[in-house]
Amino acid sequence: MSLAHTAAEYMLSDALLPDRRGPRLKGLRLELPLDRMVKFIAVGFPLLLMSLAFAQEFSSGSPINCFSPSNFSIRQAAYVDSSCWDSLVHHEQEESGQYKTKSLWPHKALPYSMLALAVVMYLPVLLWQYAAVPALSSDLLFIISELDKSYNRSIRLVQHMVKIRQKSSDPHVFWDELEKARKERYFEFPLLERYLACKQRSHSLVATYLLRNSLLLLFTSATYLYLGHFHLDVFFQEEFSCSIKTGLLSDETHIPDLITCRLTSLSVFQIVSLSTVAVYTLMAPVIIYNLTQLCQWDKRLLSIYEMLPAFDLLSRKMLGCPINDLNVILLFLRANISELISFSWLNVLCVLKDTTAQKHNIDTVVDFMTLLAGLEPSKPKHLTHQVYDENP
């Protein structure tokens, strides 16, 4: 065996990817980076605000401070605070002498409303986890495995071609068989391409993804309506008039009709309301951007993997409307690019292919690795001329 053939064999052996068996792809990402960020913000931020509200309530004691009459004892004053906080109703006297009441319940429900918001925002995440993740995980495992195997098959094919060329005494026979194999498409393994083509006609993943992000936008809009309708009405009201003359105390003449109370937690209420609006306003464009990603193909990833035999979705113009499961899978393949060991090799070969495409007819990784192994990707011209000379 010559030194050149030995070097070619070592080069091809090094180009083979390691066989990954056993526990595979433990770090498979089943959420896009921006989707994960939206999840942490949409769910985690209300929980943070809820803890802030509870911390303020526990640290400062009573959330209101009522100005009881001076003749009230300490226990009576504590009863006034407790009664007014339980009712949390503002009494306002109109010109006709009648009292108009306004409930201030959003102050009392603040931490619980943040908890409810976090639970509601987690519902789209649960929908994705149970409706899409099992199928998506199966698809990604199969596609990543097949992409790497297809690359390895191409390298092994080149190794086999080099061995046949070394053993062949007549170069004409070798090149005739090679051209026949290419004409009959023996080098192609169309299983993966056909599987991906079938995914263009499937819409379960993309429907779930659209529903997830649409629900997030819907719940965000509902949050705006809730804050605007209930919180804005009591946003600036720090003091309110409370009536404790109910039940057995309704006939007590020494108890005033109204007692003024002050909400000590108003600043926390305002901070929570404003920060919720601000953060969710910043989050909405990110959700819309996630939806717009479905309107275009990731052609960069596809163009690199067109170096594999029988993976010509782009060149055959097989890509139609991008709103289908294949586009969702491509987005997640891009997010899991670290699991695609063949990507780095094909990316390098794709760059080298662009620099040599004018001199050689290179279409696939088989052609390029054949060239690197010391074989011409097509029949040499001097052999072609010999055939013409023998058969004029």
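**A three-stranded sheet and the helices around it**

A useful place to begin is a pair of cysteines, for in strand E5 the bridge partner of Cys66 is Cys261. Keep in mind from the outset that the structure shown above is a predicted model, with 15 helices and five strands in its chain. Of the 392 residues in this chain, 43% are buried. Among the contacts between residues at least 6 apart in sequence, 79% join residues that are at least 24 apart.

The pair Cys66 and Cys261 leads into the sheet. Strand E5, which covers residues 259–263, runs antiparallel to E1, and three bridges join these two strands. Another partnership with E5 is that of Ile64, whose bridge partner there is Leu263. Strand E4 also runs antiparallel to E5, and the two are joined by four bridges; Glu239, for instance, has Arg262 in E5 as its bridge partner. In general, the strands of a sheet pair through backbone hydrogen bonds, and this pairing may be either parallel or antiparallel.

What order do the strands of this open sheet follow? The three strands are arranged as E1-E5-E4, and their pairing is antiparallel. Strand E1 (64–66) and strand E4 (239–242) stand at the edges and have a single partner strand each, so one side of each is left without a neighbour in the sheet. From one strand to the next, the twist averages 30°.

If you now follow strand E5 residue by residue, you will see that its side chains alternate. Ile259, Cys261 and Leu263 point to one face and are buried, whereas Thr260 and Arg262 point to the other face and are not buried. Cys261 thus appears in two roles, as the bridge partner of Cys66 and as one of the buried residues of E5.

The next element to look for is helix H3. This helix, made of residues 74–87, lies across E1, E4 and E5, and it runs at about 125° to E1. H3 has 14 residues and reaches 20 Å from its first C-alpha to its last, which is close to the 20 Å expected at 1.5 Å a residue. Which residues of H3 are buried? They are Val80, Asp81, Ser83, Cys84 and Trp85, and the buried residues of this helix pack against E1, E4 and E5 as well as against helix H4 (105–108). H3 is followed by Leu88, a residue whose phi is positive, near 50°.

Turning to another pair of elements, helix H2 (residues 33–60) packs with helix H9 (residues 204–231) at an angle of about 35°, and their axes are 12 Å apart. The crossing in which H2 passes H9 is left-handed. On the H2 side, Asp35, Val38 and Lys39 take part, and they meet Tyr209, Arg212, Asn213 and Leu216 on the H9 side. Sorted by class, this contact of H2 with H9 has three nonpolar residues, one polar residue and three charged residues.

Helix H9 also holds the last residue of this tour, His231. Is His231 buried or exposed? The relative accessibility of His231 is 1%, and a residue is called buried when this value is under 20%, so His231 counts as buried. Leaving aside residues up to four places away in sequence, His231 touches Pro106, Leu110, Tyr226, Phe269 and Ser273.

Definitions and conventions
Residues are numbered from 1 along each chain as its sequence is written. This is a predicted model: local features need pLDDT of at least 70, side-chain atom pairs count only at pLDDT 80 or more; totals for chains, interfaces and linings use all residues. Side-chain values use heavy atoms; hydrogens and water are left out. Two strands pair if DSSP finds at least two bridges between them. Axes are lines fitted to C-alpha atoms, for helices over the stretch in contact, and angles run from 0 to 180 degrees between N-to-C directions. Contact means heavy atoms within 4.5 Å. Buried means under 20% relative accessible area, exposed over 50%, partly exposed in between (1.4 Å probe, protein chains only). A crossing is left-handed if the near helix is turned anticlockwise from the far one by less than a right angle, and right-handed if clockwise. Ala, Val, Leu, Ile, Met, Phe, Trp, Tyr, Cys and Pro count as nonpolar, Asp, Glu, Lys and Arg as charged, and the others, Gly among them, as polar. The expected span of a helix is 1.5 Å times one less than its number of residues.
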